[in-house]
Every structure is written in structure tokens, then in C-alpha cells.
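Please work through the exercises below with the sequence and the model open side by side. Each one sets a task and is followed by a solution in steps.

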Amino acid sequence: MTHDEARLLIGAAPGSVSPTLAAHIAQCSQCALFQQQMQRMDRDLSRLLAAPLRERSDTRIRALPVMPRARAAPVAHGFYGLMALAASLVLSVGMAFVFWTLRPEPSLAAGVLDHVGRESASWSQVTPMTAAATSAVLAGADVALDPADTTVTYARSCLFNGHWVPHLVVRTAAGPVTVMVLNQEHIAARQSFRQNGYSGILVPAPGGGTLAVIAQGDPDLDAVSRALGPHLHWTH
């Protein structure tokens with residue numbers, strides 16, 4: 001046993017001595033002296049804690065000062081008070097309307113990318129969908145796809161901005177691309193975007209909505225859109 005180990009045991013319990021510690025103390029005068037000092041300190045502390053506390057004769061109970069309450073401002077009554085209240089309500093409603101109308105809206109491209117990102121497993125589908133399954137998805141959007149030269153590997157009706165829209169993955173010469181038919185979204189002109197490894201375009205559709213084409217990487221999406229165009233037929 002080392003000196004540090006012996007002193008650690010003595011400090012933890014001055015009155016307790018194990019056989020190993022006793023053997024060390026019998027051969028070490030420094031640890032024996034340390035034990036005596038710790039035992040004396042332990043007895044002194046025990047007597048101090050056991051002694052009763054003396055009562056003080058100068059103890060007095062003093063009341064805390066009572067602070068006067070601030071008086072509430074008088075409430076305006078009558079016609080002018082009602083006018084002030086109405087004006088404050090109109091101001092509050094007006095400010096809320098301004099903040100609501102000026103709040104930033106997420107862009108259509110950002111919404112499309114977010115939706116495609118949440119369905120990223122659609123890119124890995126390789127088994128072609130049947131023509132009947134694809135037509136059933138497109139039927140609700142008043143769009144038909146000519147399957148002659150088009151291979152669809154993914155076809156779902158997805159909820160987008162509160163509307164059910166067709167979400168397709170079509171195999172093209174540039175690789176798989178996502179095609180979304182957004183009849184409820186209207187844009188004035190073609191838009192392109194690129195983010196997080198995806199690139200896409202939004203094209204005004206002949207039926208009045210928007211056609212979104214998204215791909216991984218940076219293919220020529222205008223060429224892809226032109227190649228798909230002849231196979232998409234709006235039925236309304």
C-alpha cells in the first residue's frame with residue numbers, strides 16, 4: 001500500500017482501520033501521525049456539531065416595510081374611450097393583415113424539389129409501369145400519355161399544395177426524369193432551377209397549368225421536355 005492510498009483511506013474514515021491499513025501504519029510513522037491528526041479533527045467536529053446553539057438575547061422580529069401600490073391609470077369612459085379602443089383594435093388588425101400579406105411564400109420550384117426529395121426512392125424504380133396504371137394516375141389531371149415510345153417506371157398521385165397531382169418517373173435518353181403535372185399552378189414563363197444535385201424546369205402547360213421536369217445532375221431538360229411534349233395530350 002502506498003502513502004497516498006493510506007491517507008485516502010484515513011481521510012475517508014479516520015476511525016476505521018482495515019488490516020492492510022493497520023499493517024502500513026505500523027511501518028510508516030508519517031501515516032500514523034496523519035491518522036492521529038485526522039482522528040483528533042474528527043472528534044472536534046463531532047463535539048462542535050453536538051453542542052446546542054445558544055439563544056441570542058438581542059433577537060428581534062422586524063416587520064418588512066409595506067410599499068404603496070401603484071395606482072392604475074384611470075380608464076377612459078364614454079365616447080372618447082370607445083373611440084380609442086376601436087382605433088387600437090383597427091390598428092392591431094391592420095398590422096396583422098400587413099404582416100400576413102407580406103410574409104414570404106415558398107417558391108413553386110422549392111416546393112417541387114422538396115416533394116421530389118421526399119420521394120427519392122422513385123428514382124431507383126426500374127420495372128416499367130403498365131399503361132393502365134399510368135393512365136389511371138393521369139386521368140385525374142386530364143392528361144394522357146402516349147406509351148408508344150415512353151417508359152414510365154413510377155406513377156403516383158401525390159398531394160401537392162393541397163391538390164392531388166400526377167408524379168411520374170420517365171426513362172429518357174438522358175436518364176430517369178421526374179415529371180409532375182401541376183394543373184393548379186400557373187406561371188407566366190419558363191423557369192429553371194438547380195439545387196442539391198437536382199436540376200429542373202417549370203414550363204407553362206397548354207392546358208393552363210404547369211409541367212415540372214426534374215432530373216439528377218445537369219442534363220438538357222429543354223430537350224427532354226421537347227421529347228416528352230408529343231407524347232403528352234391534354235384532354236380538356
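**Exercise 1.** In which strand is the place of H167? State also whether H167 is buried or exposed.

*Solution.* Before starting, note that this is a predicted model, in which local features need pLDDT of at least 70 and side-chain atom pairs count only at pLDDT 80 or more, while totals for chains, interfaces and linings use all residues. Residues are numbered from 1 along each chain as its sequence is written, and side-chain values use heavy atoms, with hydrogens and water left out.

Step 1: helices (H or I, at least four residues) and strands (E, at least two) are DSSP runs numbered from the N terminus, and H167 has its place in strand 3.
Step 2: the relative accessible area of H167 is 0%, so H167 is buried, a class that means under 20%, with exposed meaning over 50% and partly exposed in between (1.4 Å probe, protein chains only).
Step 3: the C-alpha atoms of H167 and T178 are 7.1 Å apart in space, although 11 residues separate the two in sequence.

**Exercise 2.** Describe how strand 4 is placed among its partners, and give how many of its residues are buried.

*Solution.* Step 1: two strands pair if DSSP finds at least two bridges between them; strand 3 and strand 4 meet this with six bridges in the antiparallel sense.
Step 2: L168 has V179, in strand 4, as its bridge partner, and the two strands, 3 and 4, form a hairpin with two residues between them.
Step 3: strand 4 is also joined by six bridges to strand 7 (residues 210-216), again antiparallel, and here L182 stands opposite T210 in strand 7.
Step 4: strand 4 (residues 175-182) is mostly covered, seven of its eight residues being buried.
Step 5: as background for reading such a sheet, the side chains in a regular strand alternate between the two faces.

**Exercise 3.** Two asparagines have a positive phi; locate N161 and N196, and classify the exposure of N161 and of N196.

*Solution.* Step 1: N161, a residue other than glycine, has a positive phi near 50 degrees, and it lies in the loop between strand 2 (151-160) and strand 3.
Step 2: N161 counts as exposed because its relative accessibility is 53%.
Step 3: N196 likewise has a positive phi, about 50 degrees, although it is not a glycine, and its loop runs between strand 5 (191-195) and strand 6 (198-204).
Step 4: with a relative accessible area of 68%, N196 is exposed.
Step 5: strand 5 and strand 6 pair in the antiparallel sense over five bridges, F193 having G200 in strand 6 as its bridge partner, and they form a hairpin with two residues between them, with N196 in the turn.

**Exercise 4.** What is the volume of the largest pocket, and which helix gives the largest share of its lining?

*Solution.* Step 1: on a 1 Å grid over the protein atoms alone, a pocket is an open set of points where a 1.4 Å probe fits, with protein on both sides within 12 Å along at least five of seven lines, and lining residues have an atom within 4 Å of a point.
Step 2: a volume is the space filled by probe spheres set on the points, which are joined across faces, edges and corners; for the largest pocket this is about 150 Å³.
Step 3: its lining has 12 residues, of which T172, A173, V224, A227 and L228 lie nearest the centre.
Step 4: strand 3 (163-172) and helix 7 (221-228) each supply at least two lining residues, and the largest share, four residues, comes from helix 7.
Step 5: by class, the lining has seven nonpolar residues (Ala, Val, Leu, Ile, Met, Phe, Trp, Tyr, Cys and Pro), two charged ones (Asp, Glu, Lys and Arg) and three polar ones (the others, Gly among them).

**Exercise 5.** Which ring does the charged end of R156 sit over, and over the face of which residue does R7 lie?

*Solution.* Step 1: a charge sits over a ring if NZ of Lys or CZ of Arg is within 6 Å of the ring centre and within 35 degrees of the ring normal.
Step 2: R156 has its charged end over the ring of Y154, 4.9 Å from the centre.
Step 3: R7 lies over the face of F34, at 5.3 Å from the ring centre.
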